[in-house]
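These are my notebook entries from a first reading of this structure, set down in the order in which I looked things up.

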Amino acid sequence: MCDTCGCSITEGNRHLIDEGGKHEHSGAVEVLSNLLHENNHTAAHNREHFDRHHVLTINLMSSPGSGKTALLETTIEQLGEKYRIGVIEGDLETENDAARIRAKGVPAVQIMTGTACHLDAHLVHSALHDMNLDEIDILFIENVGNLVCPASFDLGQHYNVTLLSTTEGDDKPAKYPVMFRAADAMLITKSDLLEVLGDFDPQKATQYLRNLANPAEVMTLSARSGEHIDLWIEWLQKRFQEQQQRIAGGETRRPAIQADGIALHAAR
Amino acid sequence: MHELSICQALVDQLEGIAAQHPGKQVAEVYLGIGPLSGVVPQLLNDAFSVARAGSCADAATLHIHESEIIVRCLSCGKQSPATANRLLCSHCGEWQTELVSGDELLLERVELEAFEQSGESSQKYH
């Protein structure tokens, strides 16, 4: 990062400075800041808030109907006694998902985005005013069902978990590379349907994910039948322990990939 | 569809820059956008014409520089061009690579000009 003005010169854009040979502040202002600078600033603030309250925050992303809420219901059944869980639900309309979560005895705040196709850090920040983080260990943010837009917005979460249901086709990571590149874990959901569908190959889906240079853990499971849910529960508990260790060491964690985020970080 | 949100954030940043330069308005805006940023340049361009209305960038022209995807192999260390859904090393075929460029979503440069009330500048840039 340039020390002069706090801009964001990275390996990817350094040539702009080198070739032009200028980094001056006259009629032309060299800015080099992320277009989502404001969002990212609020996201960092949210993350500090989570860390201060020792909360592990997971952003769940997928297309609509891939089973995010069902996964949360099962997760609450399995871990609700051990951890205090909270959920922020993002949908264009209705409180339906928050109602399903509350029926499991867990606090849920519904964000209705109206026409917006994604959650952003400001919306999450507002929702946090309705949630007592002192009473939460693990916070799930169920993003708007959409495989495109949510990937661009940091919310302050520690991990991105992307769901891919067996009814969607195993080539989704190749079709939506931005979304799947951002995944810290990929869950292939509705595995109980694998047999009847016959054309979804979890290995192929994993290969498409690796083609995005993403080493994220892949778990094939079913919230309905309970198959391999233990893998997810174990993953979650490990991440919770790591989060507590990080907080004890005064550190935090950003999701594996945030557009520009890694580059900006590395350049410091 | 999130391009409009991003343009609104861009206009907010432009307002901040213009506020530091009294008497000037934004004339040219240069962005660097990578294929892995999740943003479509054409949609961003369309959204900008909506988002800039009534702002300090009302008469501004948007220039988008589309960067290429370049990866560095974690195994052989070489760099190679790649495509959005195949970020593999083209030298040794290894999938474990890191991105050198291609996910930019950057406001690179802004050019300002003296504010003209006659509307001359909007003709100049349209």
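**Entry 1: chain A as a whole.** I began with burial, and found that 56% of the 268 residues in chain A are buried; I keep in mind throughout that this is a predicted model. I then looked up the secondary structure of chain A, which comes to 11 helices and 8 strands. For the contacts in chain A with a separation of 6 or more, I noted that residues 24 or more positions apart account for 70%.

**Entry 2: strand E5 of chain A.** I turned next to strand E5 (residues 138-142) of chain A, where 5 of the 5 residues are buried, so this strand is largely enclosed by the rest of the structure. In a regular strand the side chains alternate between the two faces of the sheet, and I wanted to see both sides. On one side of E5(A) I found A:Ile138, A:Phe140 and A:Glu142, and on the other A:Leu139 and A:Ile141, all of them buried, so that both faces are covered.

Which strands pair with E5(A) in the parallel sense? One is E2(A), which pairs with E5(A) over 5 bridges, and within this pairing A:Asn59 has A:Ile141 as its bridge partner. Another is strand E3 (residues 85-91) of chain A, also parallel to E5(A) and joined to it over 5 bridges; here I noted A:Ile138 as the bridge partner of A:Ile85.

**Entry 3: A:Ser62 and its surroundings.** I followed chain A to A:Ser62, which lies in the loop between strand E2 (56-61) and helix H3 (68-79). Is A:Ser62 buried or exposed? Its relative accessibility is 0%, and it therefore counts as buried. Leaving aside neighbours within four places in sequence, I listed the contacts of A:Ser62 as A:Lys68, A:Val144, A:Gly145, A:Asn146, A:Leu147 and A:Leu163. I also found a polar contact of 2.4 Å between the side chains of A:Ser62 and A:Ser66.

Since A:Lys68 is among those contacts, I looked at helix H3(A), where A:Lys68 is one of the buried residues. H3(A) has 12 residues and reaches 16 Å from its first C-alpha to its last, close to the 16 Å expected at 1.5 Å a residue. Of its 12 residues 9 are buried, so H3(A) is largely enclosed by the rest of the structure; besides A:Lys68, the buried ones include A:Leu71, A:Leu72, A:Ile76 and A:Leu79.

**Entry 4: across to A:Thr162.** I then checked a residue distant in sequence, and found that the C-alpha atoms of A:Ser62 and A:Thr162, which are 100 residues apart along the chain, are separated by 5.6 Å. A:Thr162 has its place in strand E6 (residues 159-165) of chain A, and with a relative accessible area of 0% it is buried. Its contacts, again without the neighbours within four places in sequence, are A:Met61, A:Met179, A:Phe180, A:Ala183, A:Ala185, A:Met186 and A:Leu187.

**Entry 5: where the two chains meet.** I moved on to the interface, where 38 residues of chain A are in contact with 41 residues of chain B. The area buried between the chains is about 3300 Å², and carbon and sulfur atoms give 61% of this. I noted that A:Leu35, A:Arg181 and A:Asn211 supply 21% of the area that chain A buries against chain B, more than any other three residues.

One open sheet takes strands from both chains: its 4 strands have the order E1(A)-E6(B)-E1(B)-E2(B), with mixed pairing. Strand E1 (28-34) of chain A and strand E2 (61-66) of chain B stand at the edges, each with a single partner strand, so one side of each is left without a neighbour in the sheet. Neighbouring strands of this sheet are turned by 20 degrees against each other on average, direction ignored.

Within this sheet, I found strand E1 (residues 24-33) of chain B parallel to E2(B) over 6 bridges, with B:His63 as the bridge partner of B:Tyr30. Helix H1 (residues 3-19) of chain B lies across E1 of chain A together with E1, E2 and E6 of chain B, and runs at about 45 degrees to E6(B).

**Entry 6: a sheet in chain B.** Last, I looked up an open sheet of 3 strands in chain B, in the order E4-E3-E5 with antiparallel pairing. Strand E4 (79-81) and strand E5 (97-101) are at its edges, and the twist averages 35 degrees from one strand to the next. Strand E3 (residues 70-73) of chain B is joined to E5(B) by 4 bridges, and B:Val71 has B:Leu99 as its bridge partner there.

Terms used: Residues are numbered from 1 along each chain as its sequence is written. Chains are lettered from A and ligands numbered from 1 in the order in which they are written. This is a predicted model: local features need pLDDT of at least 70, side-chain atom pairs count only at pLDDT 80 or more; totals for chains, interfaces and linings use all residues. Side-chain values use heavy atoms; hydrogens and water are left out. Two strands pair if DSSP finds at least two bridges between them. Helices (H or I, at least four residues) and strands (E, at least two) are DSSP runs, numbered from the N terminus. Axes are lines fitted to C-alpha atoms, for helices over the stretch in contact, and angles run from 0 to 180 degrees between N-to-C directions. Contact means heavy atoms within 4.5 Å. Buried means under 20% relative accessible area, exposed over 50%, partly exposed in between (1.4 Å probe, protein chains only). A polar contact is a pair of N or O atoms within 3.5 Å; within protein, one must be able to donate a hydrogen and the other to accept it, and residues adjacent in sequence count only if both atoms are side-chain atoms. The expected span of a helix is 1.5 Å times one less than its number of residues. Buried area is the accessible area (1.4 Å probe) that two parts lose on being put together, summed over both.
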